Amino acid sequence: GKYPDCFVDWAYLCYGEIAKLIDDLCPDVLAIEETAANSKSSHSQKILEYIHFLVAKTIKETQIKNFYLQTGEWRSIIECKMTKEESKHNKVVREYKKTHKTSIAYNTDGKRIGIIGRKHIAIRRANEIFGEYFKNPLRRKDEDLADALCIGAAYHVRRLRLENKDNIK
């Protein structure tokens with residue numbers, strides 16, 4: 001369709017699925033990741049903003065408890081950070097690419113290797129926190145689920161920290 005009609009329709013379709021989940025699950029609180037202004041695509045940024053508006057409208061109308069946080073904030077709260085081994089791995093990949101003047105790196109066995117990024121780390125962290133509840137560990141295809149689990153974990157960690165802080169006083 002023609003812009004902006006197609007984006008409005010798309011946002012309402014996405015929001016409709018979110019609204020169904022809210023109606024079906026009746027959550028006590030919504031934990032929501034803020035949209036990032038530095039998105040790689042202006043179109044994906046725009047659709048997220050449209051959907052966020054519709055969700056915010058629902059929050060305003062229903063007064064459901066909500067928890068908004070920045071990406072870096074939830075990662076920090078649940079200690080979703082790169083390990084020393086992951087940093088070393090990335091250094092090896094970068095050095096290989098630089099030395100061989102290529103965009104593809106290989107390990108000593110000839111297997112293709114790549115940079116470990118934030119999504120990989122979120123998947124690892126979600127597996128560390130929730131892995132015992134999965135039949136199989138989360139993989140790259142599960143990155144959205146991993147992010148959602150980590151955001152939910154961050155909500156609970158922050159909530160518990162605030163409750164314990166109040167109990168200490």
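This is a working chat about the predicted model shown above.

Trainee: Let's start broad. How many helices and strands are in the protein?

Mentor: Six helices and four strands. Keep in mind that this is a predicted model.

Trainee: And in what order do the elements run from the N terminus?

Mentor: The order is α-β-α-β-α-α-β-β-α-α.

Trainee: Is the protein a compact globule or more spread out?

Mentor: More spread out. The radius of gyration is 20 Å, and the globule rule gives 15 Å for 169 residues, so the protein is well over that value.

Trainee: What box do the C-alpha atoms fill?

Mentor: Roughly 60 × 55 × 30 Å, taken along the principal axes.

Trainee: What share of the residues is buried?

Mentor: Buried residues are 28% of the 169 in the protein.

Trainee: And contacts? What share joins residues at least 24 apart?

Mentor: That share is 64%, counted among contacts between residues at least 6 apart in sequence.

Trainee: Switching to the helices. Where do α1 and α2 sit in the sequence, and how do their axes cross?

Mentor: Helix α1 covers residues 5-25 and helix α2 covers residues 42-62. Their axes come within 9 Å and cross at roughly 50 degrees. That angle makes α1 oblique to α2.

Trainee: Why oblique, and not roughly parallel or roughly perpendicular?

Mentor: Roughly parallel needs an angle under 35 degrees, and roughly perpendicular needs 65 to 115. The crossing is at roughly 50 degrees, so α1 counts as oblique to α2.

Trainee: Is that crossing left-handed or right-handed?

Mentor: The crossing of α1 and α2 is right-handed.

Trainee: Which residues make the contact?

Mentor: From α1, they are Phe7, Val8, Trp10, Ala11, Tyr12, Cys14, Tyr15 and Ile18. From α2, they are His43, Lys46, Ile47, Tyr50, Ile51, Leu54, Val55 and Thr58.

Trainee: How does that contact split by class?

Mentor: It has 13 nonpolar residues, two polar and one charged.

Trainee: Take phenylalanine 7. Buried or exposed?

Mentor: Buried. Its relative accessibility is 8%, and the cut-off for buried is under 20%. Phenylalanine 7 is found in helix α1.

Trainee: What does phenylalanine 7 touch?

Mentor: His43, Lys46, Ile47 and Tyr50, leaving out residues up to four places away in sequence. Those four are also among the α2 residues in the helix contact.

Trainee: How far is phenylalanine 7 from alanine 122?

Mentor: Their C-alpha atoms are separated by 29 Å. Along the chain, the two are 115 residues apart.

Trainee: What about glutamate 79 and alanine 122?

Mentor: Those two are 9.8 Å apart, C-alpha to C-alpha, with their positions 43 residues apart in sequence. Glutamate 79 lies in the loop between α3 (71-77) and α4 (84-100). At 48% relative accessibility, glutamate 79 counts as partly exposed.

Trainee: Over to threonine 71. Where is it?

Mentor: Threonine 71 is in helix α3. Its relative accessibility is 22%, so it counts as partly exposed.

Trainee: Which residues does threonine 71 touch?

Mentor: Glu33 and Glu34, again leaving out residues up to four places away in sequence. Threonine 71 also sits 7.8 Å from alanine 36, C-alpha to C-alpha, though the two are 35 residues apart in sequence.

Trainee: Now backbone oddities. Is the peptide bond from tyrosine 3 to proline 4 cis or trans?

Mentor: Cis, with omega near 5 degrees. Proline 4 is in the segment before α1.

Trainee: What is phi at cysteine 26?

Mentor: About 45 degrees, a positive value, although cysteine 26 is not a glycine. Cysteine 26 is in the loop between α1 and β1 (29-33). At 56% relative accessibility, cysteine 26 counts as exposed.

Trainee: And phi of lysine 101?

Mentor: Near 50 degrees, also positive in a residue other than glycine. Lysine 101 is in the loop between α4 and β3 (105-106).

Trainee: Is lysine 101 buried or exposed?

Mentor: Exposed, at 76% relative accessibility.

How values were computed. Residues are numbered from 1 along each chain as its sequence is written. This is a predicted model: local features need pLDDT of at least 70, side-chain atom pairs count only at pLDDT 80 or more; totals for chains, interfaces and linings use all residues. Side-chain values use heavy atoms; hydrogens and water are left out. Axes are lines fitted to C-alpha atoms, for helices over the stretch in contact, and angles run from 0 to 180 degrees between N-to-C directions. Helices (H or I, at least four residues) and strands (E, at least two) are DSSP runs, numbered from the N terminus. Angles under 35 degrees count as roughly parallel, over 145 as roughly antiparallel, 65 to 115 as roughly perpendicular and the rest as oblique. A crossing is left-handed if the near helix is turned anticlockwise from the far one by less than a right angle, and right-handed if clockwise. Contact means heavy atoms within 4.5 Å. Ala, Val, Leu, Ile, Met, Phe, Trp, Tyr, Cys and Pro count as nonpolar, Asp, Glu, Lys and Arg as charged, and the others, Gly among them, as polar. The radius of gyration is taken over C-alpha atoms; the globule rule is 2.2 Å times the number of residues to the power 0.38. Buried means under 20% relative accessible area, exposed over 50%, partly exposed in between (1.4 Å probe, protein chains only).
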